[in-house]
Amino acid sequence: MTGIQTRIEPRDWLRPLDPRKRKEIMISLHIDGAVATATLCRPPVNAINDEWLDRLEEVLDRVEADERIAVLWIRSDQRVFCAGADLEMMRTLFASDAGRARMIETTRRMQEVFARLERSAKVSVAEIGGAAMGGGFELALACDLRVVAEEASVGLPEARLGLLPAAGGTQRMTRICGEAVARRLILGAELVGGAQAVALGLAHRSAPAAELERVAREQVDRLAALPAPALAACKRCIFAAVDGFEGGYEIELEGSAALLAAADTQERVQRFLSRQK
């Protein structure tokens, strides 16, 4: 990766929202040119709670405000990618009606934050080196591309607890890999390995754990070499198709017109045409 390197330290924008209540940094961020690397770093399993969601929103704020950034690479420095909801939070809230209502509100917020990630103009890549279950896999499903270790286990096993994957999991898994696979995995509370995840359409590439970072970096670098406005326009068109929006063809034309007017596009096209003479 090339370009200006910027290290965002915890004492900068990633400090706690209330400086008087300093807490752990649950997601760190490193920016290198067109790539922003968000590392999930809350031991031991990157459990999701309200503070974790605050961090993810801060990361999205920072990344979306930087026009240089084309790719958001989400990875983990723990033994798992993300195991889902914070069990301590569940123990605290589960016993009362008010607590269970609070759990629903946290889940609603997960829906909203993951939808923001999914709809972001930045292309997101999830590098899944370990287990990604429940809310953790729902986070990965909100990313544009998923690269998973062959040894990892991924899935939405909430039905084992009499629950359902409510942070967007039922909707995204069904859209991404089809009704038949979603029924099998969600209703069966089934976890699958990396190679099978690719075969079922849940992930795009798999690799042995020892090679996963290299494979993910190759994918990220390939995306980072492309113009960010073109990637954003392509994403917008794909969403129109997924949503069944009848104006999708017009969105293609509008996007094409805007890109053709851009100086970078004109330069790239001229170079291409010159090579074809």
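In what order do the three strands of the open sheet lie? The order is S6-S8-S9, and the pairing in this open sheet is mixed. Since you are new to this structure, please keep in mind that the model is predicted.

**The small sheet**

Let us begin with the strands themselves. Strand S6 (132–133) and strand S9 (191–192) are the edge strands, each pairing on one side only. Strand S8, made of residues 154–155, is joined to S9 by two bridges, and these two strands run antiparallel. If you would like a spot to look at, find Gly-155, which stands opposite Leu-191 in S9.

**Helix H3**

Next comes helix H3, which covers residues 97–119. How far apart are its end C-alpha atoms? They are 33 Å apart, and this agrees with the expected span, because 23 residues at 1.5 Å a residue should also give 33 Å. Several residues of H3 are buried: Gly-99, Met-103, Thr-106, Met-110, Val-113, Phe-114, Leu-117 and Glu-118.

**Two pockets**

Helix H3 also leads us to the largest pocket, since six residues of the lining, the largest share, come from H3. Helix H2 (87–93) and helix H4 (135–141) join H3 in supplying at least two residues each to this lining. Which residues lie nearest the centre of the largest pocket? They are Ala-85, Met-90, Glu-158, Leu-161 and Leu-163.

The second largest pocket holds about 440 Å³ of space. Closest to its centre are Cys-143, Asp-144, Ile-238, Phe-239 and Val-242. Strand S7 (145–149), helix H5 (169–177) and helix H9 (228–242) are the elements that give two or more residues to the lining of this second pocket. Here H9 provides the largest share, with six residues.

The table sets out the two pockets side by side.

| Pocket | Volume | Lining residues | Classes in the lining |
|---|---|---|---|
| Largest pocket | about 820 Å³ | 31 residues | 19 nonpolar, five polar and seven charged residues |
| Second largest pocket | about 440 Å³ | 19 residues | 12 nonpolar, one polar and six charged residues |

**A short recap**

To find your way around, you could start at the sheet with the order S6-S8-S9, then follow H3 from residue 97 to residue 119. From there, H3 takes you to the lining of the largest pocket, while H9 is the helix to look for at the second largest pocket.

Definitions and conventions
Residues are numbered from 1 along each chain as its sequence is written. This is a predicted model: local features need pLDDT of at least 70, side-chain atom pairs count only at pLDDT 80 or more; totals for chains, interfaces and linings use all residues. Side-chain values use heavy atoms; hydrogens and water are left out. Helices (H or I, at least four residues) and strands (E, at least two) are DSSP runs, numbered from the N terminus. The expected span of a helix is 1.5 Å times one less than its number of residues. Buried means under 20% relative accessible area, exposed over 50%, partly exposed in between (1.4 Å probe, protein chains only). On a 1 Å grid over the protein atoms alone, a cavity is a set of points where a 1.4 Å probe fits but cannot get out, and a pocket is an open set with protein on both sides within 12 Å along at least five of seven lines; lining residues have an atom within 4 Å of a point. Grid points are joined across faces, edges and corners, and a volume is the space filled by probe spheres set on the points. Ala, Val, Leu, Ile, Met, Phe, Trp, Tyr, Cys and Pro count as nonpolar, Asp, Glu, Lys and Arg as charged, and the others, Gly among them, as polar. Two strands pair if DSSP finds at least two bridges between them.
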